[in-house]
Amino acid sequence: RGHLVRRQDPAWGTKAAANRANADTFHFCNCAPQEARFNQDARLWQGIENYVLDNAKADKMRVTVFTGPVFTDEDPEYRYVRVPRSFWKVVARVEHGKLLATALLADQSDRITRLPERLSEGFDDLSRVKSYQVSVAEVECLTGLDFGPLREADTLETSAAEAMGGRRTLHSFRDIALGAPKRPIGRAPKKPRKVATGPT
């Protein structure tokens, strides 16, 4: 499992466009190996987009979600496929004419420390996925991507991120900082993390 972009999210517009977009989510380029229950938890990772849409009061109720895996050279291999330890989301929207972006990270390392063949294909005894709010700049450093103006639209204040070691642990949706920060966000100087470039 599973989908990166959820099946229902791009299914809008004309009937033909919606049907094509729905079908496109089933291509392998939209899949990443995940522990079976990783993206089934509507309380947090699976439900973040809905929570932002319901609570951010985005103009015209439009939210854009970028999402993907974090690849590293240390990712474990399972059945000839390397399994990402963590996944990220950047949720962008406009509120009252102001661009805002919220970045999140989910870590499944604890669920995949021991591979399924050693657990009779079960992960029941492993701890749950850890979810964090991070800065957009942190996602850039982890992935090598450039989010341009979204970096300056971050809803996580630099001072707050630094005080928490760059990550705010999320226990519920209420822990996510959605509003505009009180002072501008700057790109923290950080050495980019080495990103794996081989086949995954």
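How many nonpolar, polar and charged residues does the lining of the largest pocket have? The answer comes after a look at the whole chain, and it should be kept in mind throughout that this is a predicted model.

The secondary structure of the protein amounts to five helices and seven strands, and these elements follow one another along the sequence in the pattern α-α-β-β-β-β-β-α-β-α-α-β. Of the 200 residues in the protein, 46% are buried. When contacts between residues at least 6 apart in sequence are considered, 64% of them join residues at least 24 apart. The protein exposes about 11,500 Å², of which carbon and sulfur atoms supply 53%.

A good place to enter the interior is helix α4, which spans residues 136-143 and is mostly covered, with eight of its eight residues buried. Among these buried residues are V136, V139 and L142, but also E138, E140 and T143. Their cover includes the strands β1 (64-70), β4 (86-95), β5 (98-107), β6 (130-134) and β7 (167-169). Just after α4, G144 takes a positive phi of about 80 degrees.

Helix α4 also leads to the largest nonpolar core, which has 15 residues, and in which W88, V90, V136, V139, F147 and L150 are those with the most contacts. To this core β4, β5, β6 and α4 each supply at least two residues. In soluble globular proteins, nonpolar side chains tend to be buried together. Once neighbours within four places in sequence are left aside, V136 is in contact with V90, A101, A103, F147, L150, R151 and D154. A second core, separate from the one just described, has nine residues, including I48, L104, L170 and L178.

Burial is found outside the helices and strands as well, as N30 shows in the loop between α1 (15-24) and α2 (48-55). N30 counts as buried because its relative accessibility is 8%, where the limit for buried is under 20%. Apart from neighbours within four places in sequence, N30 is in contact with G2, H3, L4, V5 and T25.

The opening question concerned the largest pocket, whose volume is about 420 Å³. Its lining consists of 16 residues, and D9, W12, V63, T64 and V65 are the closest to its centre. Both α2 and β1 contribute to this lining, each with at least two residues. By class, the lining has eight nonpolar, three polar and five charged residues.

Terms used
Residues are numbered from 1 along each chain as its sequence is written. This is a predicted model: local features need pLDDT of at least 70, side-chain atom pairs count only at pLDDT 80 or more; totals for chains, interfaces and linings use all residues. Side-chain values use heavy atoms; hydrogens and water are left out. Helices (H or I, at least four residues) and strands (E, at least two) are DSSP runs, numbered from the N terminus. Buried means under 20% relative accessible area, exposed over 50%, partly exposed in between (1.4 Å probe, protein chains only). Contact means heavy atoms within 4.5 Å. A nonpolar core is a set of buried Ala, Val, Leu, Ile, Met, Phe, Trp, Tyr and Cys residues joined through side-chain atoms within 4.5 Å. On a 1 Å grid over the protein atoms alone, a cavity is a set of points where a 1.4 Å probe fits but cannot get out, and a pocket is an open set with protein on both sides within 12 Å along at least five of seven lines; lining residues have an atom within 4 Å of a point. Grid points are joined across faces, edges and corners, and a volume is the space filled by probe spheres set on the points. Ala, Val, Leu, Ile, Met, Phe, Trp, Tyr, Cys and Pro count as nonpolar, Asp, Glu, Lys and Arg as charged, and the others, Gly among them, as polar. Accessible areas come from the Shrake-Rupley method with a 1.4 Å probe; for residues, only the protein chains shown count as cover.
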